[in-house]
Amino acid sequence: MNNPGTPTFDQLRIFLTIVDTGSFAAAGRKLNRAVSVISYGIANLEAQLGVLLFEREGTRKPQLTIAGRALLAEARSIAHGMDGLRAKVKGLLDGLEAEVNLAVDVMLPAERLGKVLRAFAKEFPTVQLRLHAEALGAIVAMVLDRGAVIGISGPLSAGVEGIESMSAGLVPMVPVAAPDHPLGRMEAIAPGAGRDYTQLVLTDRSRFTEGRDFSVASPKTWRLADLGAKHALLREGIGWGNMPLPMIEADLVAGTLVRLAMPDHPGGTYRFSGIWRRDTPPGPAASWLIEQFVALGADDRETAGMSDV
């Protein structure tokens, strides 16, 4: 009966680095080790497991064998678990943070943000806060690039490698225009009518939104990186667009904006998640912030529809 040995975490890290970088040499550069050390580490790992992990003959780049492919997911799982363990211990050793960098989606209702941060100031008077308001994929980009330790992100954080998340509620999105806009004057809007008018669309410069559009119905668009500017231009009658309902409720009451009953573009929901890097879990103060946003989000009433931007 064949019993494989127990590989070291360092051997598994070498294995995963070769897979991720595509070669022994590139893995050596990333890990700051000689290629011979990388090769020796893989040879020892294969000897421990009793299987070949890479095809080395007839190919310029190492290719995973069937056994290598079969073991890859398990190796990643072990690495993620080890990263989480080390990061958790670091947080315990470091204690309470001196400062928390928080990135929030501009769609997050201001009242909700203010309620959480007001409570945070009382709970952690010694912890400084740096707040970044960003749009779309910029929140997850900031967290991945360590510009923020935690974020309250929209749906673009879903499935991003290296990111952990918790559901943190939602906000209804509705199409609106000024009352003197052609769409705003229509009692009944025909399907496809939105295509005839300029749509104001929120955008950002992150790599997660490059080449992608979200809830864009018209070929005529103005693209803005600032939700406040979009709000102002909607009120000026320059175009129509989707807005988070809490931000424009006062406009709907005052009549400075009207909700558009568009049969093919009714709006929907924009879902939030509290996010952080898997290898850098939040400390006590940042964890408290995430928990507050999650708790408030649990009170949101679920509504039908897809995420709109």
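This is a short talk on a predicted model of a single chain, going from the overall numbers to helix α2, the aromatic pairs, the largest pocket and a few individual residues.

Okay, so, overall picture first. The chain has 309 residues, and 44% of them are buried. It folds into nine helices and eleven strands. If you take the contacts with a sequence separation of 6 or more, 74% of those are between residues 24 or more positions apart. And the accessible surface is about 16400 Å², with carbon and sulfur atoms contributing 53% of that.

Right, let's zoom in on α2. This helix covers residues 24-31, and its buried residues are Phe24, Ala26, Ala27, Gly28 and Leu31. So what do those buried residues pack against? Three elements: helix α1, at 9-21, helix α3, at 35-49, and strand β1, at 54-55.

Have a look at the two ends of α2 as well. At the start, Ser23 puts a side-chain oxygen within 2.9 Å of the backbone nitrogen of Ala26. At the other end, the helix is followed by Asn32, and the phi there is positive.

Let me stay on Asn32 for a second. Most residues other than glycine have a negative phi. Asn32 is not a glycine, and its phi sits near 60°. You'll find Asn32 in the loop between α2 and α3. Is Asn32 buried or exposed? Its relative accessible area is 72%, so Asn32 counts as exposed, the cut-off being over 50%.

There's another case further along, Arg146, again a residue other than glycine with a positive phi, this one near 65°. Arg146 is in the loop between α6, residues 138-144, and β5, residues 150-153. Arg146 is exposed too, at 52% relative accessibility. With the line drawn at 50%, that puts Arg146 on the exposed side.

Next up, aromatics. How many aromatic pairs does the count give? Six. Take Phe24 and Phe54: the ring centres are 5.8 Å apart and the planes meet at 70°, so this pair goes down as edge-to-face. What I like here is that the pair joins distant parts of the chain, with Phe24 in helix α2 and Phe54 in strand β1, 30 residues apart. Both of these phenylalanines are buried. Add Phe15 to Phe24 and Phe54 and you have one aromatic cluster.

Then there's Tyr270 with Phe272. Their ring centres are 5.6 Å apart with the planes at 65°, so they're edge-to-face as well. Tyr270 and Phe272 are both buried.

Phe272 turns up again when you look around β5. Ser153 is in that strand, and its relative accessible area is 0%, so Ser153 is buried. What does Ser153 touch, not counting residues up to four places away in sequence? The list is Asp105, Ile139, Arg271, Phe272, Ser273 and Ile275.

Just past that strand is Leu156, in the loop between β5 and β6, the latter being 163-177. Leu156 sits in a loop, yet it is buried, with a relative accessible area of 15%. From Leu156 to Phe272 the C-alpha distance is 9.3 Å, across 116 residues of sequence.

Back to the first helix now, for Gln11. This residue lies in α1. Why does Gln11 count as buried? Because its relative accessible area is 11%, and buried means under 20%. The Gln11 side chain reaches the backbone nitrogen of Thr8 at 3.0 Å. Leaving aside neighbours within four places in sequence, Gln11 is in contact with Gly41, Asn44, Leu45 and Gln48.

Last topic, the empty space. Rolling a probe the size of a water molecule over the atoms shows where space is left. The largest pocket in the model holds about 610 Å³. It has 18 lining residues, and the ones closest to the pocket centre are Asp20, Ala79, His80, Asp83 and Asp279. Which helices each supply at least two residues of that lining? α1, α2 and α4, the last one running 66-94.

So, to bring it back to α2: that helix packs its buried residues against α1, α3 and β1, its Phe24 pairs with Phe54, and it supplies at least two residues of the pocket lining. That's me done.

Conventions. Residues are numbered from 1 along each chain as its sequence is written. This is a predicted model: local features need pLDDT of at least 70, side-chain atom pairs count only at pLDDT 80 or more; totals for chains, interfaces and linings use all residues. Side-chain values use heavy atoms; hydrogens and water are left out. Buried means under 20% relative accessible area, exposed over 50%, partly exposed in between (1.4 Å probe, protein chains only). Helices (H or I, at least four residues) and strands (E, at least two) are DSSP runs, numbered from the N terminus. Contact means heavy atoms within 4.5 Å. A polar contact is a pair of N or O atoms within 3.5 Å; within protein, one must be able to donate a hydrogen and the other to accept it, and residues adjacent in sequence count only if both atoms are side-chain atoms. Accessible areas come from the Shrake-Rupley method with a 1.4 Å probe; for residues, only the protein chains shown count as cover. Rings of Phe, Tyr and Trp (its six-membered ring) pair if their centres lie within 6.5 Å; planes under 30 degrees apart count as stacked, over 60 as edge-to-face and the rest as tilted. On a 1 Å grid over the protein atoms alone, a cavity is a set of points where a 1.4 Å probe fits but cannot get out, and a pocket is an open set with protein on both sides within 12 Å along at least five of seven lines; lining residues have an atom within 4 Å of a point. Grid points are joined across faces, edges and corners, and a volume is the space filled by probe spheres set on the points.
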